[in-house]
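Colleague: Please take me through the helix crossing and the pocket, with the criterion behind each term.

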Amino acid sequence: MKVKIERVRYASLRNDEFPVVYEQTVSICEKHRVESLHLEKTFSELVSFRPALESLTVHLRKNEKLARSGKVEVERDTLINGVKRVLKGYEHIDSPEIRPHFEVLDALFAKHAVQTIAAASNAAETERLLLLEAEVNAGQAIQAAFAALGLTPVVKRLFEANREYEVLFREYIGEKSEEQ
């Protein structure tokens, strides 16, 4: 029987991932009786970290702005990916009512490299969406194209979510900088 060993570097985990991996590791060790594996000393050292871990999870649960900004960030990615998919659906439609609007938005998306926005870092994504919003607000043809393709409410919510994320994250960073 081939066994694949997955190695996890705890130092590379985010703070919110560490408690999950820690609890899974402890439960696996408890399930397989550490005495039979001769891991009593290592397991006791692992369990000794539980109080420190509890304070970390309480801190993570306590910060509401961080949790809310995470949800808004996911919504922002979902919206931008949805707009890309809808636009891709219009790509092969040669209707004279749709084609000019598609070409306007396709050029806009190519200019702003919208394909890569959701994969960018949060700060870069925020900045790029602000630039996109400024161009959308400045161009009547772009706004008309979004309206013609039925994307105005989605794009409006995307830009609102982007601004909301920026405010929440700045407030969180401000609070975090005040802590020692």
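**Pocket and helix crossing**

Modeller: The second largest pocket holds about 150 Å³ of space. The model is predicted: local features need pLDDT of at least 70, side-chain atom pairs count only at pLDDT 80 or more, and totals for chains, interfaces and linings use all residues. Residues are numbered from 1 along each chain as its sequence is written, and side-chain values use heavy atoms, with hydrogens and water left out.

Colleague: Which residues line the second largest pocket?

Modeller: The lining consists of Asn122, Ala123, Thr126, Glu127, Leu130, Tyr165, Glu166, Phe169 and Arg170. Lining residues have an atom within 4 Å of a point of the pocket. Helix 7 and helix 9 (152–178) are the elements that give two or more residues, and helix 7 supplies the largest share, five residues.

Colleague: Why are helix 5 and helix 7 called oblique to each other?

Modeller: The axes of helix 5 (residues 64–89) and helix 7 (residues 122–138) come within 12 Å and cross at roughly 55°. Angles under 35 degrees count as roughly parallel, over 145 as roughly antiparallel, 65 to 115 as roughly perpendicular and the rest as oblique. Helix 5 and helix 7 are therefore oblique, and their crossing is left-handed (the near helix is turned anticlockwise from the far one by less than a right angle).

Colleague: What makes up the contact of helix 5 with helix 7?

Modeller: Glu73, Arg76, Asp77 and Ile80 in helix 5 meet Asn122, Glu125, Thr126 and Leu129 in helix 7, where contact means heavy atoms within 4.5 Å.

Terms used
Axes fitted to C-alpha atoms, helices over the stretch in contact; angles between N-to-C directions. Helix = DSSP H or I, 4+ residues; strand = E, 2+ residues; numbered from the N terminus. 1 Å grid on protein atoms, 1.4 Å probe; cavity = no way out; pocket = protein on both sides within 12 Å on 5 of 7 lines; lining within 4 Å. Points joined across faces, edges and corners; volume = space filled by probe spheres on them.
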